[in-house]
Amino acid sequence: MTFELLFGIGLIAIGAFSSGSFSIPFGKTRDWAWENYWLIYSLFAYMIVPLVACSVFCPGFMNVLSGVPAQTLGWIFLLGIIYGICNLTFGLSLRYLGLSLGFSLSLGLMMILGTIIPPAIDGRLNILLQQSGGTMLIAGLLIAAVGIALSGYAGYRKDKGAGPEANPELNFGKGLVLVFFVGITGASQALGIEQGTGISSALVASGIDPLFQTLPVFFVLFGGSFLATALWCLFLSKKNNNLKAFVKTKDIAVSSNYLYCGLAGFLWFVNFIFYGMGKSRMGEFSFTAWGILMSLTIVFATLWGLYRGEWKAADTKTKAWMYAGLVVLVAASFIIGMSGRE
């Protein structure tokens, strides 16, 4: 394993930690419904922070984007809309399956489909499968699937052991339907990123540091995600008579809610800054970076759950299943990363 590969995986791991941490500030918001804090979070995550990051690390990026065919930009923007719909549905899957099980299954399916579909479309997967790295990639994905299954089973045991009173909305059947929808539509994010390789190449040719070549692609992609999110959250806010909460709350200054939602949005997009940096170090088959990101995000999200006491009441066997899943997922991340270098 080369230093370049380890460096890339390390950068992606930092991004995964940020991704697994982004929801923590939501616990500090007060007197806001879901549609209130999710809209402000999305404004920062999808629009404000990406724009600032592009302005800082990719000066002149708008000039490069103006030279990109409108069809390419439109396709990436549309994939962003699909991902926005996916992200809205993701919350429902957590409601019906519980945090641990819903997170593992949703991100697991996103990982597998998001790793395979984009390179299958552009032909790189076929090239890799004809090499030794192809076998390693398939092995890595299968091992990751085992890790996801172990983590998901541990989450199922934990939620089941807590009893229905802990979460009366648990519904395994509805949750599985939503997980499949989230997994399939969530792959649009990885596809949108890969569709922007031409933009990244143009940015590098213009003199932008290759480490940040993916940032403007995220700006276009998540612009679509924000459109879908804003329409739905504003609709819910009006329906539930929560529009006034954006300017007034009962007990605290509304500015603190904006601050915490802005922090959540910052943490979420920092994930993609480091992911893009790590991806730039993964070589010709950089699509393998997606599998690393998803696997490690599940790991860090679970570790945060441990820190916050979500597994405190779980028995020893349940925790053993959980730890086994984490170890397998970390191992799978390295195997997937090495596959593109073989």
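This passage describes helices, buried residues and a surface patch in a predicted model. Residues are numbered from 1 along each chain as its sequence is written, and side-chain values use heavy atoms, with hydrogens and water left out. Local features need pLDDT of at least 70 and side-chain atom pairs count only at pLDDT 80 or more, whereas totals for chains, interfaces and linings use all residues.

The largest nonpolar core (buried Ala, Val, Leu, Ile, Met, Phe, Trp, Tyr and Cys residues joined through side-chain atoms within 4.5 Å) has 91 residues. Tyr41, Leu215, Phe222, Trp268, Phe269 and Tyr275 have the most contacts inside this core. Tyr275 is found in helix H11, residues 254-279 (helices are DSSP runs of H or I with at least four residues, numbered from the N terminus). With a relative accessible area of 1%, Tyr275 is buried (buried means under 20% relative accessible area, exposed over 50%, and partly exposed in between, with a 1.4 Å probe and protein chains only). Tyr275 touches Ile12, Ile193, Phe218, Ala289, Trp290 and Leu293, residues up to four places away in sequence not being counted (contact means heavy atoms within 4.5 Å). The C-alpha atoms of Tyr275 and Gly15 are separated by 5.6 Å, although the two residues are 260 apart along the chain. For Phe269, the contacts beyond four places in sequence are Ala45, Val49, Pro50, Ala53, Leu215, Phe218 and Phe222.

Helix H10 (residues 215-239) has 25 residues and reaches 35 Å from its first C-alpha to its last, close to the 36 Å expected (1.5 Å times one less than the number of residues). Because 18 of its 25 residues are buried, H10 is largely enclosed by the rest of the structure. Asn241, just after H10, takes a positive phi of about 60°.

Two further buried positions lie in other helices. Gly147, in helix H7 (residues 132-162), has a relative accessible area of 0%. Outside its neighbours within four places in sequence, Gly147 is in contact with Gly325, Val328 and Leu329. Thr297, in helix H12 (residues 288-307), is buried at 1%, and touches Ala16, Ser19, Gly20, Phe103 and Leu107, not counting residues up to four places away in sequence.

At the surface, Ile48, Val52, Val56 and Phe57 make a nonpolar patch of about 320 Å². Such patches take residues with over 30% relative accessible area and no salt bridge (a side-chain nitrogen of Lys or Arg within 4 Å of a carboxyl oxygen of Asp or Glu), nonpolar side chains being joined within 5 Å and like charges within 9 Å. Accessible areas come from the Shrake-Rupley method with a 1.4 Å probe. Val56, found in helix H2 (residues 34-57), counts as exposed at 54% relative accessibility.

Key:
Helices (H or I, at least four residues) and strands (E, at least two) are DSSP runs, numbered from the N terminus.
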